[in-house]
Amino acid sequence: MSAHEARARRLADRIRVIVAETLERGVKDPRLGFVTITDARVTGDLRDATVFYTVYGDESARADTATALESARGVLRSEVGRQTGVRHTPTLTFVEDALPDTARVIDDLLVRAASADAAVQASAAGAAYAGDADPYRAPASEDDDGDTGADDRADGGSGADPARERGRG
């Protein structure tokens, strides 16, 4: 990370804190619901800042909070300029964070996958193998034909009798 990117990240973190504190203490708008500032990002030239937020509540609470944030944008920008001391105070854009909705969808998918796994496990509980329990051929034991289980074919596996092979030559 370059020094310029580090400065932009520090400014974004500072903007996030300033906006959150100002909303908590300084903005007395009744339309403002239970809002949480989740992140802030600043452009490379430090002129524009995007502030991400979440709102606890239904769609009307979200709409009211969006309206309240837009009306308080000037106050919030003034406070950011006063507390950061940068030459050009960045413009603020408020965007509702999609993270909670995405997390909810992922949680639903995980629950669905867990129930599908449980259904497969339940159906496999009483199942039997279609063939042998061990479908792989076991090596011949010494008891079977009195031999050690080693391959007797010295000709490399052709199946011909080695004594006959020697006599042809």
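Let's start with the parts list: this protein chain has six helices and three strands. What you're looking at is a predicted model, so keep that in mind as we walk through it. Going along the sequence, the pattern reads α-β-β-α-α-β-α-α-α.

**The chain as a whole**

The chain has 169 residues, and buried ones make up 21% of them. Its accessible surface comes to about 12,200 Å², with carbon and sulfur atoms accounting for 51% of that. What about contacts along the chain? If you take the contacts with a separation of 6 or more, 59% of them are between residues 24 or more positions apart.

**Inside the nonpolar core**

Now for the inside. The largest nonpolar core holds 25 residues, and the members that touch the most others are Ile-15, Val-19, Leu-23, Leu-76, Leu-92 and Phe-94. Which elements give two or more residues to this core? They are H1, S1, S2, H2, H3 and S3. H1 gives the most, with seven residues.

Leu-23 makes a nice example to click on. Setting aside neighbours within four places in sequence, Leu-23 is in contact with Leu-32, Val-35, Ile-37, Leu-69 and Leu-76.

**Helix H2, seen down its axis**

One of those contacts of Leu-23, Leu-69, takes us to helix H2, where Leu-69 is buried along with Ala-61, Arg-62, Thr-65 and Ala-68. Where do these buried residues sit around the helix? Look down the axis of H2 and they fall within an arc of 130 degrees, so they line one face of the helix. The cover over them includes H1, S1, strand S2 (48-56), helix H3 (73-84), S3 and helix H4 (99-125).

You can also check the length of H2. With 13 residues at 1.5 Å a residue, H2 should span 18 Å, and its end C-alpha atoms are indeed 18 Å apart.

**Salt bridges**

Time for some charges. Side chains of opposite charge can pair when their charged atoms come close. In this model the count comes to seven salt bridges. Here are three of them:

| Salt bridge | Closest N to O distance |
|---|---|
| Asp-39 and Arg-9 | 3.3 Å |
| Arg-62 and Glu-96 | 3.4 Å |
| Arg-73 and Glu-70 | 2.0 Å |

Take the pair Asp-39 and Arg-9, which forms a salt bridge. Asp-39 is in strand S1 (residues 34-42) and Arg-9 is in helix H1 (residues 3-25), so this pair ties together parts that are 30 residues apart in sequence. Buried or exposed? Asp-39 counts as buried, because its relative accessibility is 18% and the cut-off for buried is under 20%. Arg-9 is partly exposed, at 34% relative accessible area.

Next up is the salt bridge between the side chains of Arg-62 and Glu-96. Arg-62 belongs to helix H2 (residues 59-71) and Glu-96 to strand S3 (residues 91-96), so here the parts tied together are 34 residues apart in sequence. Arg-62 has 18% relative accessibility and counts as buried, while Glu-96 is partly exposed with a relative accessible area of 33%.

In the table's last pair, Arg-73 and Glu-70 form a salt bridge. Arg-73 is partly exposed at 30% relative accessible area, and Glu-70 counts as partly exposed too, at 38% relative accessibility. Elsewhere, salt bridges that share partners join Arg-9, Asp-13, Asp-39 and Arg-41 into one network.

**Two strand residues that touch**

Finally, look at Thr-54 and Phe-34. Thr-54 is found in strand S2, and Phe-34 has its place in strand S1. How much of each is accessible? Thr-54 is buried, with a relative accessible area of 14%, whereas Phe-34 is exposed, with 65%.

Not counting neighbours within four places in sequence, Thr-54 is in contact with Phe-34, Val-35, Thr-36, Thr-38, Asp-97 and Pro-100. Turn that around and, again leaving out residues up to four places away, Phe-34 touches Thr-54, Val-55 and Tyr-56. Phe-34 also gives you a distance to try out: its C-alpha atom is separated by 9.7 Å from that of Glu-24, ten residues apart along the chain.

Technical notes:
Residues are numbered from 1 along each chain as its sequence is written. This is a predicted model: local features need pLDDT of at least 70, side-chain atom pairs count only at pLDDT 80 or more; totals for chains, interfaces and linings use all residues. Side-chain values use heavy atoms; hydrogens and water are left out. A salt bridge is a side-chain nitrogen of Lys or Arg within 4 Å of a carboxyl oxygen of Asp or Glu. Helices (H or I, at least four residues) and strands (E, at least two) are DSSP runs, numbered from the N terminus. Buried means under 20% relative accessible area, exposed over 50%, partly exposed in between (1.4 Å probe, protein chains only). Contact means heavy atoms within 4.5 Å. Accessible areas come from the Shrake-Rupley method with a 1.4 Å probe; for residues, only the protein chains shown count as cover. The expected span of a helix is 1.5 Å times one less than its number of residues. The arc is that of the directions from the helix axis to the C-beta atoms. A nonpolar core is a set of buried Ala, Val, Leu, Ile, Met, Phe, Trp, Tyr and Cys residues joined through side-chain atoms within 4.5 Å.
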